[in-house]
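Let's take a walk through this one together. Have the model open and follow along as we go.

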Amino acid sequence: MGSAFLCVREVKLVSSGPLGPVYESLKTGVTLPNLVDLPDLLSEVSTGFDQTTDAPVYETEPREQLSAGSEFDADIVVIGSGPAGYVGAIRAAQLGARVIVVEKGDVGGVCLNVGCIPTKALLACVSVVDQVRTAKSFGVEVKTFDLNLGAMMAHKERVVKQLTSGVEMLFRKNKIQLIRGKARIVDPHTVAVDTETGTQKLTARFILTCTGSRPARLPVPGLEFGDRVWSSTEALSFSCIPQKILAIGAGAIGLEAGYTFARLGSDVLVVEMMSQILPASDAETARTLQNALERAGMRFKLNSIVVRAEDVGSRKKVWIKSEEGEETDEFDVVLVAVGRTPALADIGLDEVGVKHDGRKILVNEHMQTNIPSIYAAGDCIGEPMLAHVAWTESKVAVEHAFGLNSRMSYKAVPACVYTTPECASVGLTEEKARERYRDVRIGRYSFSHNGKALAIGESEGFIKFVTDGKYGQILGVHMVGPHVTDLIAQATLAIRNELTIDEVIETIHPHPTLSEVAQEAAMDARGRAIHK
Ligand SMILES: Cc1cc2nc3c(=O)[nH]c(=O)nc-3n(C[C@H](O)[C@H](O)[C@H](O)COP(=O)(O)OP(=O)(O)OC[C@H]3O[C@@H](n4cnc5c(N)ncnc54)[C@H](O)[C@@H]3O)c2cc1C
């Protein structure tokens, strides 16, 4: 793929429309990336944004000459093919780079194989079970039904396979070379890969480290991972439903797994050391979700920690400590869901001098490490460890490497939990907003007044806007209810673009939809909800 790549140079917008930069570049004789055609170019222009200031960014220098015949094997070697790695690789290829991806495990990383996707596939199975259970109230009599765990796992595996082979297809389409093996950085431009046939050295102008994370362990005696102590990975591949489960940690992973087992018939207790589930989230939203999950059969113990565990016959006896004292109980399975640890071991960070703090790789706003040719993105650079954050970071990394001055902003990062009801939030919690702003106004509206929610029989929950009282700027949006994980994108767009509550109010929302709840909640913040 021999080609010169020159970035657009000091382009002034001559038209406010998307063609402005193109016209101007033609006028000034600036060479545009010659591998892309017009639609690609437009998308490149529109994605070259400074995420902090929101200003369009156009490079002032042709940064790099990407070409065949350079002294490097590739323009960029990406380590890892999870959401950070595969998206970064494709974005780099779009920018004209010759890309090699090295993957030691399954293509697609945690997200596609043992994370986001399989959890949602199993939750979808559980949702069908719930629908069957409530079918009678919709006039559908289901006399008997059986759970077929094997078929549920097959559904999950089909979805995973379709997506992971889709990623491999995208690699082929974008002429990205995939090498299977374990990569280690040996100098700022070289990666050594241990493959089945030996060690191969790859040189590249840039290296993007996307090694992801692994389940965090609890340093508690008796809670080493094994047959009866599961991480989220084992909770996705089970051949029988445990009767009684203890989930340690009430974050998204603990709640989603706990909910899955509870709806499949397990007795599920969730122990959380903090005073609320989803500890970083809006307190009212967390309380509402907890109440709903308790009605769905889950039990919770907050402000509590597990201090010890022991095998007793085929079960685990567990000691749980809280302000009220210590109690014991026995469980068939203990699920440790206390977060994830960035994968930093054995990738050559210390040998090459890439700075890290022992927990995560340290990067600047361009995702660049202290060594300019080495970038890092995704879970390996720490929280927030989410797939959509991972790929946004890796896009920023490669765009910066290849000449677009992209910067990462964490101003509007949506976080979702896919239980029933779902939970989703973005921006400041009410508590944080009150700490930072003198005048905070809340708008809230319940799904129980919404026609679509009542029609589908899922009217639990609400949407809540946290706004600045003076200007009405939207500071945070928190949702519990049906399909709110799909509704949160609208709120993310609003916060990212610093919209006010009035702009939501003035936007026509279709009827009857769940999105009307957002508009009513916005109107409530101005004291004029129509249906309240
Ligand atoms: C149960 C569960 C549910 C989740 N649900 C969600 C969700 O609903 N939404 C969401 O946004 N996030 C979710 N996440 C988090 C999400 O999966 C991660 O944030 C995301 O996968 C991070 O992407 P990544 O590319 O940084 O790392 P990973 O997906 O971990 O990928 C890293 C890849 O690098 C490879 N690798 C590591 N070291 C090397 C090496 N030395 N050489 C070669 N290859 C290497 C690994 O094999 C792996 O394939 C969930 C996680 C879990 C565990």
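Start with a pair of helices. Helix 3 and helix 10 pack with their axes 8 Å apart, at an angle of about 35°. Keep in mind while you look that this is a predicted model. As for the sense of the crossing, helix 3 passes helix 10 in a right-handed one.

Now zoom in on who meets whom. Helix 3 brings Pro 83, Ala 84, Gly 85, Val 87, Gly 88, Arg 91 and Ala 92 to the contact, and the residues they meet in helix 10 include Ala 387, Trp 391, Ser 394 and Val 398. Sorted by class, this contact has nine nonpolar, three polar and four charged residues.

Both of these helices turn up again around the ligand. There are 34 residues around the ligand, and those that come nearest are Gly 80, Gly 82, Gly 109, Gly 212 and Gly 378. Which elements give two or more residues to that shell? They are helix 3 (83–94), helix 4 (109–114), helix 5 (116–134) and helix 10 (387–401), together with strand 2 (99–103) and strand 4 (182–187). By class, the shell around the ligand splits into 16 nonpolar, 14 polar and four charged residues.

Next, hop along the chain to a sheet. Strands 12, 13 and 14 form an open sheet in the order 12-13-14, paired antiparallel. Strand 12 (305–312) and strand 14 (325–331) are at the edges with a single partner strand each, so one side of each has no neighbour in the sheet. From one strand to the next, the twist averages 20°. Look at the pairing of strand 12 with strand 13 (residues 315–322): these two run antiparallel and are joined by seven bridges. To find your bearings there, pick out Glu 310, which stands opposite Lys 317 in strand 13.

Last stop: helix 15. Why is helix 15 (residues 516–525) largely enclosed by the rest of the structure? Because 10 of its 10 residues are buried. That goes for charged side chains too, as Glu 516, Glu 520 and Asp 524 are among the buried residues. What covers the buried residues of helix 15 includes two strands, strand 20 (440–446) and strand 21 (462–468), as well as helix 13 (484–496) and helix 14 (501–505). After helix 15 comes Gly 527, with a positive phi, near 70°.

Note on methods:
Residues are numbered from 1 along each chain as its sequence is written. This is a predicted model: local features need pLDDT of at least 70, side-chain atom pairs count only at pLDDT 80 or more; totals for chains, interfaces and linings use all residues. A residue is near a molecule or strand if its C-beta atom, placed from the backbone, lies within 6 Å of it. Helices (H or I, at least four residues) and strands (E, at least two) are DSSP runs, numbered from the N terminus. A residue is buried if 20 or more other C-beta atoms lie within 10 Å of its own, exposed if 12 or fewer, and partly exposed in between; C-beta atoms are placed from the backbone. Two residues are in contact if their C-beta atoms, placed from the backbone, lie within 7 Å. Axes are lines fitted to C-alpha atoms, for helices over the stretch in contact, and angles run from 0 to 180 degrees between N-to-C directions. A crossing is left-handed if the near helix is turned anticlockwise from the far one by less than a right angle, and right-handed if clockwise. Two strands pair if DSSP finds at least two bridges between them.
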